[in-house]
Every structure is written in structure tokens, then in C-alpha cells.
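The exercises below are meant to be worked with the sequence and the coordinates open side by side. Each one sets a task and then goes through a solution step by step.

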Amino acid sequence: MQKFDLLIVGGGMVGLTLALAVRQQSELSVAIVDNAPVGELNGELSETFSEEPEVRVSAINAASQQMFSNLNVWQDIIDQRAQPYHDMHIWDKAGYGQLDFSLNDVNHSSVGHGPEQLGFIIENKVIRNALWHKAAQDNGIEFFTENKLQQLNPSDNEVFATFEPNSNNSQPMPIVAKLVVGADGANSWVRKQMNVPLTFRDYDHHSIVATVKCQQGHQSTAWQVFLETGPLALLPLYQEDLCSIVWSTSPEEATRLSALSVADFSKEITAASDGKLGKVTLVSERFTHPLTMRFAQEFVKGRMVLVGDAAHTIHPLAGQGVNLGLLDAAALSQTISKQLNQEKNDGGVDNNHWYSDKSLQQFARWRKSEAAEMIAAMEAIKQTFTPQQSAIKLLRGFGMSVLNKFAPAKALMINQALGFKSNLPELAKATSHQAAQKSNSK
């Protein structure tokens, strides 16, 4: 048997961030199981990026950026390619209201120092490659990529994990871990092994994602229009004339749009965006998937924990899904680190181990509360823009116009979008040294 302190199932952005955070804060040994590895050649990433951007992107807010910076991986990410955005323009297709956000709207007094941008749009592949490469350099992290897990058998003291044979009929020795973390996405295999009840609701939206070219360029701005059938976001990419689109619409409309020719789809998206970016042209494949709210009724069960999409999924209209998952990783690593220090001080009392149920349940309450809050906020926004009666559209537009001129409310909203909250994990905060450097550079 192979023994590890922590077994992380899922080597995506959240699982890798958790592994790096745990290793930075402790000497715990970590195993990562993921069957889609990032290749390496002579210690360097062998996987190169095509000239065309990957369709799947994430909006990385200031809190997540700070996490990556504290893990010494942010420079590796932006050295590949990333696009900052300095403004956000949101409007109602009905034409009655709009919201504009910029760095001037940030409440600097509440964050201590101001960011240099509202966020970054980065391809998922770029982030994952940088995190994987960093993790591969750590001798305390071991990857298992050849075999799928077959079964998890938890006991009071550990979890026994077995593998399926691979195509060559080889099979690694079982893993024994003190704690297992499911970071394996919305259709989490670990969650099924835990037999955790799931609260879910169909948003009655399908999301179309693709890359488009914009005649007038993206202007380092994130654009979002609320249409009758749902929101359309145009997110700036690393080339000034390229945007990633996330078009959330009814299943019927998604089917119709996906079946259109490139020319006709381009006309539709140009019209939907009111020509604010000029002529918009589709330059990639279109990918469509249904949108569902998921919320695991338990984030912790025995020696197993859920983080990221394995624990919760939300509507992409505010682009906060990945940031919420990264905060899960930071919060869990902080919980483990705090408990390790307490265990050391207490001389390793049996009921005070770093994987004690008490500490893990504190983590669960912390993260469930924030996930529930985010789910409720997304639902409120979606419901606000759903009714299309003239009177409601007029009232909605009036409210947007008033809000657009009310600085305190705008500052609160943008600070929330940046991820600046009172209960942030330490990993998402700037160190005093970093804050001083930033202040002295101004």
C-alpha cells in the first residue's frame, strides 16, 4: 500500500491549488489522481498553446489572483497569456438602463490598496498548465494519471482507495490516505462514493461558448447584455480583437443558434450586442452545455471532503464559479494548517488531529454559507431580468440608471466582484510586504 496524508481526486484548477496551498503551509504528503495529465519535457511544459485561444476561459478576480501570487504561480500564468480588463459595461437589451464599472468605482478604503484592473480573462488550459507544472516540481506531491479510481473505503482512521486496471492491465498499489478531497467537478465521482444528497435545479438555460472576432476590439472591457432569453457576455482575450462569448439562453434558442451557419450566427451576435463592438464574427467551434445549480447537502462526510464544482455549481452570469471554488481550496488548506498548529501545541491529542471532524465541519459551515449566498445572488439577478412586461422593464431600467449614479452601491458591488470580503482566507490576502511594495511603487 502507498500511504499519503491527503488524496485529491481531480487535478483541475481547484484541486491543484489545494495541493500547492497545503504543501506551502505544511509538510503533509499529497497524492493527486487525474487521468488528463499535462505533459512535461525536460522539466518544462511540453504542451504548447495554439495561436487560437481555448474556448473555455475563466474570469479571475483580485482575490484569486492574490492566491496564485502567494503560491508563486501567478507570473507563470501571465507569462503564457492573460487579458486584464479595466472596465465592465452591462446593459438591458430593452434599452432602459445600463451599468458601468471601472477602477474608479473601487472602494479603496475597504481594501487597503487598489487593484490595477478589475480582473483577468484567462484560458482554463493556461491556468491549469501553470499549476500542474508547479505541483510537479514539489517532491511532496505525487501524480497518478494512468488508472482510474475504482473504490473508496473509508474507516474511522483512514480511507482505502483502489484503482482499476488500465489498458495494459497494470494496476497501482492501493492508496491509504488520512483525508480524501473530491475536486473532480460537477459530476463528481467522489460525491457519489460519499452518497451525499444533492440539491439541484435546472436553470432552464443552455450556455453557448465560443471565440469571436470583434471589429472595434474589446477595449479591455468585459461586456454583458441581458436579452429576453438570457445574458450574453463578451469577455476580452489576449488579442485586442478577440473575445470569448458565454451566451446563456433557452434550450430551444441554443439549439437554433448552434445550427446556424457561421455567417448567420455572426449576424445574430452582432445584433444581440447592439453593434457596440462593431461587426462580430465567429472564429471557433461552438460548444453548448446545460446549466444546472447544484448544492451538496454535505461538504464533509467522515474522512471525505468536497470542494469546487463537486460541492456547488452556479449560473455563469457573474463569472464567479471558479473563484468560489478556489476560495474553497484556500479555506480548506487554512483549516488544515490551523489544526496542524493546534495539534502540535496540544501534543497530538487524539480528538484534535488536523483531519478532525470538528475542524472539517467548521470549514463546511464557512464554505456552505458563502456558496448558498452566491447561489441566491445569481438567482436574484436571473429573476430580475427574466420578466419582459413593459412596466417591469421600465422599472428595471430606471433602477439600473439610478444605481449607475450611486457611488456607494457601485463600490459595494464591484468590491464583491473583486472578491474583497471580510472572511477571506489568508491565502487570498496580500501580505504586508506585498502591500508595502505596492504602496511604495505609486
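**Exercise 1. Describe the chain as a whole.**
State how many helices and strands the chain has, and decide how its radius of gyration relates to that of a compact globule.

*Solution.* The model is a predicted one, and its chain contains 13 helices and 22 strands. For the second part, begin with the chain length: a compact globule of 442 residues would have a radius of gyration near 22 Å, and because the chain itself has 22 Å, the two values agree. The extent of the C-alpha trace along its principal axes can be set beside this, at about 65 × 50 × 45 Å. Next consider the interior, where buried residues account for 52% of the 442 residues. Finally, turn to the contacts between residues at least 6 apart in sequence, of which 75% join residues at least 24 apart.

**Exercise 2. Characterise the surface and the charges.**
Find what share of the exposed area carbon and sulfur atoms supply, and how far apart the centres of the positive and negative side chains lie.

*Solution.* The chain exposes about 19900 Å², and carbon and sulfur atoms supply 49% of that area. Counting the charged side chains gives 37 positive and 46 negative ones. The centres of these two sets lie 5 Å apart.

**Exercise 3. Classify an aromatic pair.**
Determine what kind of ring pair Trp74 and Phe120 form, and whether each of the two residues is buried or exposed.

*Solution.* The structure holds nine aromatic pairs. In the pair of Trp74 and Phe120 the ring centres are 4.9 Å apart and the planes stand at 75°, so the arrangement is edge-to-face, given that planes over 60 degrees apart fall in that class. The pair connects distant parts of the chain, since Trp74 belongs to helix H3 (residues 74–80) and Phe120 to strand E9 (residues 119–123), 46 residues apart. For burial, the cut-off is under 20% relative accessible area; Trp74, with 9%, is therefore buried, and Phe120, with 8%, is buried as well.

**Exercise 4. Place Phe4 in its surroundings.**
Identify the ring cluster that includes Phe4, and list the residues that Phe4 touches beyond its sequence neighbours.

*Solution.* Phe4 is located in strand E1 (residues 2–9), and ring pairs link it with Phe144 and Phe163 into a cluster. Its relative accessible area is 10%, so Phe4 is buried. When residues up to four places away in sequence are set aside, Phe4 touches Ser29, Val30, Ala31, Glu142, Phe144, Ile175, Val176, Ala177 and Lys178. As a further distance to check, the C-alpha atoms of Phe4 and Ser155 are 15 Å apart in space, while the two residues are 151 residues apart in sequence.

**Exercise 5. Examine two buried hydroxyl residues.**
For Ser64 and Thr211, give the element that holds each residue and the contacts made beyond four places in sequence.

*Solution.* Start with Ser64, which sits in helix H2 (residues 62–70) and is buried, with a relative accessible area of 1%. Beyond its neighbours within four places in sequence, Ser64 is in contact with Asn323 and Leu326. Continue with Thr211, which is part of strand E14 (residues 198–214) and is buried at a relative accessible area of 2%. Under the corresponding exclusion of neighbours, its contacts include Pro53, Glu54 and Val55, together with Leu237, Leu242 and Cys243. Thr211 is also in contact with Thr281, Leu282, Val283 and Ser284.

**Exercise 6. Inspect backbone angles and a helix residue.**
Work out what is notable about phi at Asp204 and Gln219, and where Ala263 lies.

*Solution.* Most residues other than glycine have a negative phi. Asp204, however, has a positive phi of about 60° although it is not a glycine, and Gln219 likewise has a positive phi of about 60° without being a glycine. Asp204 is in strand E14, whereas Gln219 lies in the loop between E14 and strand E15 (221–227). Asp204 is partly exposed, with a relative accessible area of 48%, and Gln219, at 46%, also counts as partly exposed. As for Ala263, it lies in helix H8 (residues 262–272) and counts as partly exposed at 47% relative accessibility. Its C-alpha atom is separated by 7.8 Å from that of Leu282, 19 residues apart along the chain.

How values were computed:
Residues are numbered from 1 along each chain as its sequence is written. This is a predicted model: local features need pLDDT of at least 70, side-chain atom pairs count only at pLDDT 80 or more; totals for chains, interfaces and linings use all residues. Side-chain values use heavy atoms; hydrogens and water are left out. The radius of gyration is taken over C-alpha atoms; the globule rule is 2.2 Å times the number of residues to the power 0.38. Buried means under 20% relative accessible area, exposed over 50%, partly exposed in between (1.4 Å probe, protein chains only). Contact means heavy atoms within 4.5 Å. Accessible areas come from the Shrake-Rupley method with a 1.4 Å probe; for residues, only the protein chains shown count as cover. Lys and Arg count as positive and Asp and Glu as negative; His and the chain ends are not counted. The place of a charge is taken as NZ of Lys, CZ of Arg, CG of Asp or CD of Glu. Rings of Phe, Tyr and Trp (its six-membered ring) pair if their centres lie within 6.5 Å; planes under 30 degrees apart count as stacked, over 60 as edge-to-face and the rest as tilted.
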